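Visitor: I should like to take a close look at a single chain. Could you please explain how its parts are arranged and where it meets its partner?

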Amino acid sequence: MSASATNVARLLFRYVLRVGDLSLVLGQRLGEWVGHAPVLEEDLGLANIALDLIGQARLLLAYAGELEGRGRGEDEIAFLREQGEYLNPTLVELPNGDFGETIVRQVLIDAFQLELFERLTNSADEQLSAIAGKAVKETRYHLRYSSDWLVRLGDGTAESHARVQSALERLWPYTVELFEEDELDREMADCGIAPRLAEVRAAWSKRIEEVLAEATLERPRERPYAWFGKRGEHSEHLGYILAEMQYLQRAYPGARW
Amino acid sequence: MDPAMHDKCQWPLFEVFIRARGGLDHKHVGSLHASDARMAIDHARDLYTRRQEGVSIWVVRSTDITASDPEEAEALFEPARDKIYRHPTFYDIPDEVKTL
């Protein structure tokens, strides 16, 4: 393998982690709703979405393990890394809040994942394109579910409207990070492996505008941000997620289902 | 909570019908609560098609179903009991017909 090919594989490893960790951490977070959702039907609805996300993470992290070529499998990558090695955006590690806040976060992320996966189906990397092809169908349903709920809550009672509008204000600044193009994003786009984030942002923005209008919610003003989960600098919340998620593998190394 | 209040807070009940494969008819599989028909479809998808049980879903408000009264069962169904000639059991089936 030439030096530049090795370099691409190394970058691709990090990029696949970035995409996979988003699904993994969000799936783990959503799983916290099991047994706590407002009604039984939503309990199952949220759990289904969480399972889709964990499924995406399995495919992506297993692929990352292959790219890395050091014999690490999906479980080792998911359960035995340190906090700074997770490359998910900060938004997905934030606490769930109330049901409305969870729905707001889902809309923001579902729309992002949809625009991303749709474009990744055309990736120059065949494996990534195949995984995106499967994930995009799941994500279409996720966005249908979350945006339907956002419209019900936003255009619902005075209290539900106020709650989701305030959740939107809280979460909005974290969306900036999703589209902040760093060197890794740029390199991947140059190779035709990943889409340009500016293009993803434009499509995302249009989609979000439509949902917010229907939900009678106001798009928050852009504010400066200081979150960098994508490059491994996380909020204090990720540590708690990892402590719970990794407990079993750390207490009983190699334990299998 | 008094029962009337409880009813008001509960989402209405929907009956769910699933078509297992193209060509088959929709079969009643159960019921669920939802605030509107679209949410009922989502819930039905999540509750009743998790294991690839279906390719199509119908939902209908339970209150929109008119059911026969069990009290009237005798009047409605007993009269058919002694009319066995309505079953096509008096025909000789040719041996060549295998799948009747």
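Guide: The account below follows chain B from its overall form to its sheet, one of its loops and its contact with chain A. This is a predicted model, in which local features need pLDDT of at least 70 and side-chain atom pairs count only at pLDDT 80 or more, while totals for chains, interfaces and linings use all residues. Residues are numbered from 1 along each chain as its sequence is written, and chains are lettered from A and ligands numbered from 1 in the order in which they are written.

Chain B contains three helices and three strands (DSSP runs numbered from the N terminus, with helices being H or I of at least four residues and strands E of at least two). Read from the N terminus, these elements follow the order α-β-β-α-β-α. The C-alpha trace of chain B extends over about 65 × 40 × 15 Å along its principal axes. Its radius of gyration is 20 Å, whereas a compact globule of 100 residues would have one near 13 Å (the radius is taken over C-alpha atoms, and the globule rule is 2.2 Å times the number of residues to the power 0.38). Of the 100 residues in chain B, 14% count as buried (20 or more other C-beta atoms within 10 Å of a residue's own make it buried, 12 or fewer exposed, and a number in between partly exposed, with C-beta atoms placed from the backbone). Contacts (C-beta atoms, placed from the backbone, within 7 Å) also link parts of the sequence: among those in chain B between residues at least 6 apart, 43% join residues at least 24 apart.

The sheet comes next. Its three strands form an open sheet in the order β2-β1-β3 of chain B, with antiparallel pairing (two strands pair if DSSP finds at least two bridges between them). Because β2 and β3 (56-61) of chain B stand at the edges with a single partner strand each, one side of each has no neighbour in the sheet. From one strand to the next, the twist averages 30° (axes are lines fitted to C-alpha atoms, for helices over the stretch in contact, and angles run from 0 to 180 degrees between N-to-C directions). Strand β1 (residues 13-19) of chain B is joined to β2(B) by six bridges. Within this pair, Glu15(B) faces Ser31(B) of β2(B). Helix α2(B) packs on the sheet and touches β1, β2 and β3 of chain B. The direction of α2(B) makes about 130° with that of β3(B).

Between α2 and β3 of chain B runs a loop that holds Gln52(B). The phi angle of Gln52(B) is near 60°, a positive value in a residue other than glycine. Gln52(B) counts as exposed because it has 7 C-beta neighbours inside 10 Å.

Finally, there is the contact with chain A, to which chain B contributes 11 residues and chain A eight residues. On the side of chain B, the elements that give two or more residues are β2 (27-33) and α2 (37-48). Helix α2(B) gives the most, with six residues. By class, this side of chain B has four nonpolar, three polar and four charged residues (Ala, Val, Leu, Ile, Met, Phe, Trp, Tyr, Cys and Pro are nonpolar, Asp, Glu, Lys and Arg charged, and the others, Gly among them, polar). Helix α2(B) thus appears in two settings: packed on the sheet and on the side that touches chain A.
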